[in-house]
Amino acid sequence: MLGRNVAMKGLPYFTVGKVVKGFGRGSKDLGIPTANFPDEVVNGLPEEIHTGVYYGWAKLDNGPVHKMVMSIGWNPYFRNVKKSMETHILNDFGTDFYGSQLKVCLTGYIRPEMDFRTLDDLISTIKHDIDTADRQLETAAMKIFKDHSFFQPESKEDKIVNGDTSH
Ligand code: ADP
Ligand code: RBF
Ligand code: MG
């Protein structure tokens, strides 16, 4: 199993892309919608960012910065053939936002991807991840990234990779 220290090496990691259609089962089967990134964003991940569950910050278009959890990988429970990057934003939007620009900053690692016996087990584990993210992102060390220049409207940065913590 991937140790926390190894997983933290490439963090924080900043990336941006358009929200695309995913596998169509995030909200339907789980009650937890996930905004999927396009292939070029997934393929652009550096080696340091391993598959697993992460938390951090997310911003849609010119909206505010929200807490998020992200699943990176092949979703063993669903035996996906394609690697995905799926972001669940801790905010009730009440509407879809396909085609919007999504900026994210991954600030922490929670756990590796796992297989589950039942869908209920998967759902309760994801709910636990959401609680973990919610709590961790309240700390001062994590709030720093919420205010990072990456999220400012005047930011020219399309992409910052690998542990750039400058402001
Ligand atoms: P898909 O398989 O197409 O990704 P999902 O069932 O996972 O479908 O739903 C994801 C979509 O739900 C997102 O692309 C977005 O448009 C919408 N959505 C609404 N609220 C949220 C949220 N809080 N977090 C993520 N996506 C959300
Ligand atoms: N899928 C898995 O198969 N195993 C996991 O451990 C897993 N963890 C997840 C954690 C979070 C926070 C989220 C948002 C999703 C996770 N998923 C996992 C992905 C889930 O299966 C996926 O969102 C749905 O299949 C919809 O595409
Ligand atoms: Mg999805």
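The following paragraphs describe the surroundings of ligand 1 and of the magnesium ion in a predicted model.

Ligand 1 is surrounded by 21 residues, and the closest of these are Gly 22, Gly 24, Ser 27, Phe 97 and Tyr 98. By class, the shell around ligand 1 comprises 8 nonpolar, 10 polar and 3 charged residues. Regular secondary structure contributes to this shell: helix 2 (26-30), strand 2 (35-36) and strand 5 (84-89) each provide at least two of its residues. Strand 5 accounts for the largest share, with 3 residues.

The backbone of the protein takes part in several polar contacts with ligand 1. An oxygen atom of ligand 1 lies 2.7 Å from a polar backbone atom of Gly 22. An oxygen atom of the ligand is likewise placed 2.7 Å from a polar backbone atom of Phe 97. A nitrogen atom of ligand 1, in turn, is found 2.9 Å from a polar backbone atom of Ile 89. Of the 560 Å² of accessible area that ligand 1 has on its own, 94% is covered by the protein.

The magnesium ion, ligand 3, has its own set of protein donors. These are the O and OG1 atoms of Thr 34 together with OD1 of Asn 36, at 2.2 to 2.3 Å from the ion. The two donor residues can also be described by their accessibility. Asn 36 has a relative accessible area of 7%, and because buried means under 20%, this residue counts as buried. Thr 34, by contrast, has a relative accessibility of 26% and is therefore classed as partly exposed.

Notes:
Residues are numbered from 1 along each chain as its sequence is written. Chains are lettered from A and ligands numbered from 1 in the order in which they are written. This is a predicted model: local features need pLDDT of at least 70, side-chain atom pairs count only at pLDDT 80 or more; totals for chains, interfaces and linings use all residues. Side-chain values use heavy atoms; hydrogens and water are left out. A residue is near a molecule or strand if one of its heavy atoms lies within 4 Å of it. A polar contact is a pair of N or O atoms within 3.5 Å; within protein, one must be able to donate a hydrogen and the other to accept it, and residues adjacent in sequence count only if both atoms are side-chain atoms. Accessible areas come from the Shrake-Rupley method with a 1.4 Å probe; for residues, only the protein chains shown count as cover. Helices (H or I, at least four residues) and strands (E, at least two) are DSSP runs, numbered from the N terminus. Ala, Val, Leu, Ile, Met, Phe, Trp, Tyr, Cys and Pro count as nonpolar, Asp, Glu, Lys and Arg as charged, and the others, Gly among them, as polar. Donors are N, O and S atoms within 2.8 Å of the metal (3.2 Å for Na, K and Ca); water is not among the atoms, so sites may look incomplete. Buried means under 20% relative accessible area, exposed over 50%, partly exposed in between (1.4 Å probe, protein chains only).
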